[in-house]
Amino acid sequence: MATRIRPQSNKRCAVIGGSGFLGRHLVEKLLDRGYSVSVFDIRQSSELPGVSFHQGDLCDQQALLPALKDVSLVFHCASPAPASDDRALFERVNIQGTQTVLRACMEAGVQKLVLTSSASVVFEGTDIKNGREDLPYAKKPIDYYTQTKIVQEKLVLEACDKQKGFLTVAIRPHGIFGPGDPQLVPILVDTARRGKMKVIIGDGSNLVDFTFVENVVHGHILAAERLRPDSPICGKPYHITNDEPVRFWDFMSEVLVGLGYAAPRYHLPYALVYGLALLLWLLSLILRPLISFKPTFTPMRVALAGTHHYYSCERAKEDLGYKPVVSLKEGIERTVKSYPHLRHGA
Ligand SMILES: NC(=O)C1=CN([C@@H]2O[C@H](COP(=O)(O)OP(=O)(O)OC[C@H]3O[C@@H](n4cnc5c(N)ncnc54)[C@H](OP(=O)(O)O)[C@@H]3O)[C@@H](O)[C@H]2O)C=CC1
Ligand SMILES: CC(C)=CCC[C@@H](C)[C@H]1CC[C@H]2C3=C(CC[C@]12C)[C@@]1(C)CCC(=O)C[C@@H]1CC3
């Protein structure tokens, strides 16, 4: 078992969203690196030695304050899941809630805030190849969740104020995967179990970033440790990826085959699938008062599965000294091993 390093007083931090997939990995790495961690989350998490847990809604400033007491550094990686598809909730938590987090940080005397944003803040459903951070925010984001992530990122970066001694930075990960992920592998396996994972959308050559969770954690910690008044990173966003763009369908196939399912083989033209998804989505809207159904193939998912969207992490390499610590191959192997219950026939 790994021994934890004893925390120094300047290594006190809080992780808002620390019970979630990314948050949990982040908390474990922070403990390994000698931080003392306080977790704030709406969801109860299993206990970790050395962590003080505070349960509450981040929209409630009074509930947040005890978790931020004597803390100089805050990571904000809480968000409702995109799949919840609840506009009012996205707006309340990602926009108003983030304003509350900022106010609470000021009141508690927090000096640094690292936000988990998303690379999708610049994605409009059409190809992005090696996109850099200077791409404009999407005017037509792929969904409302992403719309609120854009506003959230702007709020946090604009709050960076060297005079007030409050520094901020945003990490933009893309396609996070790894042990404990509640989205990517479970959705994929569910689709395969329902017999809907037979078709490749388009010619299958579109490249996408999938980022192993430990690399995303590494990017967050580097950003936190480099965030100083004299550093060029203040108030800026950073892409964090595996730096190994992969064909979307090769990645999916590798995970599926690793778990004992067949890889998709047949091809359908992108425009046809997108058109059908659009039609289904319209039907689901029209029929909503009578029956409720959630199509697997939403226009947003088809766009994610059928276009190029990969990003450059050169800025993170230059300013943060970032380099992925786990390769895509190893990440996939470790992920597949961590889901014995999702194996074919389990
Ligand atoms: N996963 C991915 O591929 C990507 C994720 N991101 C961003 O990374 C961050 C972490 O994502 P991920 O770990 O996947 O998500 P998770 O849903 O696993 O974790 C988010 C955590 O925040 C909690 N939470 C939600 N609402 C509130 C609230 N009002 N107050 C306090 N806690 C709350 C969630 O609880 P509950 O589960 O009960 O809602 C959950 O424990 C998010 O900001 C997301 O937008 C960005 C790019 C890609
Ligand atoms: C790269 C990236 C941004 C990944 C984020 C996670 C999800 C959006 C994907 C995880 C599993 C994916 C998936 C599909 C779309 C995108 C995901 C939900 C499909 C529904 C696309 C159409 C299919 O043929 C089935 C796919 C199942 C898995």
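Here is a walk through this predicted model, from its nonpolar cores out to its two ligands.

Let's start inside the protein. The largest nonpolar core has 35 residues, and V15, L26, L30, V37, F75 and L320 are the ones that touch the most other members. Several elements feed it with at least two residues each, including the strands β1 (12–16) and β2 (36–41) and the helices α1 (21–32) and α10 (314–320). The largest share, 7 residues, comes from α6. If you want a good residue to click on, try V15: leaving aside residues up to four places away in sequence, V15 is in touch with G23, L26, V27, L30, V37, S38, V39, F40, F75 and C77. Another core, this one of 31 residues, lies apart from it and includes L188, A192, F210 and F251.

Now for ligand 1. It has 24 residues around it, with F21, L22, R43, Y145 and K149 the closest. Both α1 and α4 (144–158) put at least two residues into that shell, which splits into 10 nonpolar, 10 polar and 4 charged. Look at the oxygen atoms of the ligand: a polar side-chain atom of D41 sits 2.9 Å from one, while a backbone N or O atom of I176 is 3.0 Å from an oxygen of ligand 1. Of the 880 Å² of accessible area that ligand 1 has on its own, the protein covers 86%.

Ligand 2 is surrounded by 18 residues, and V208, F210, W249, F297 and L304 come nearest. The protein covers 92% of its 600 Å² of accessible area. Helices α5 (184–193), α7 (248–258) and α9 (299–306) each give at least two residues to the shell, whose make-up is 11 nonpolar, 5 polar and 2 charged.

Terms used:
Residues are numbered from 1 along each chain as its sequence is written. Chains are lettered from A and ligands numbered from 1 in the order in which they are written. This is a predicted model: local features need pLDDT of at least 70, side-chain atom pairs count only at pLDDT 80 or more; totals for chains, interfaces and linings use all residues. Side-chain values use heavy atoms; hydrogens and water are left out. A residue is near a molecule or strand if one of its heavy atoms lies within 4 Å of it. Accessible areas come from the Shrake-Rupley method with a 1.4 Å probe; for residues, only the protein chains shown count as cover. Helices (H or I, at least four residues) and strands (E, at least two) are DSSP runs, numbered from the N terminus. Ala, Val, Leu, Ile, Met, Phe, Trp, Tyr, Cys and Pro count as nonpolar, Asp, Glu, Lys and Arg as charged, and the others, Gly among them, as polar. A nonpolar core is a set of buried Ala, Val, Leu, Ile, Met, Phe, Trp, Tyr and Cys residues joined through side-chain atoms within 4.5 Å. Buried means under 20% relative accessible area, exposed over 50%, partly exposed in between (1.4 Å probe, protein chains only). Contact means heavy atoms within 4.5 Å. A polar contact is a pair of N or O atoms within 3.5 Å; within protein, one must be able to donate a hydrogen and the other to accept it, and residues adjacent in sequence count only if both atoms are side-chain atoms.
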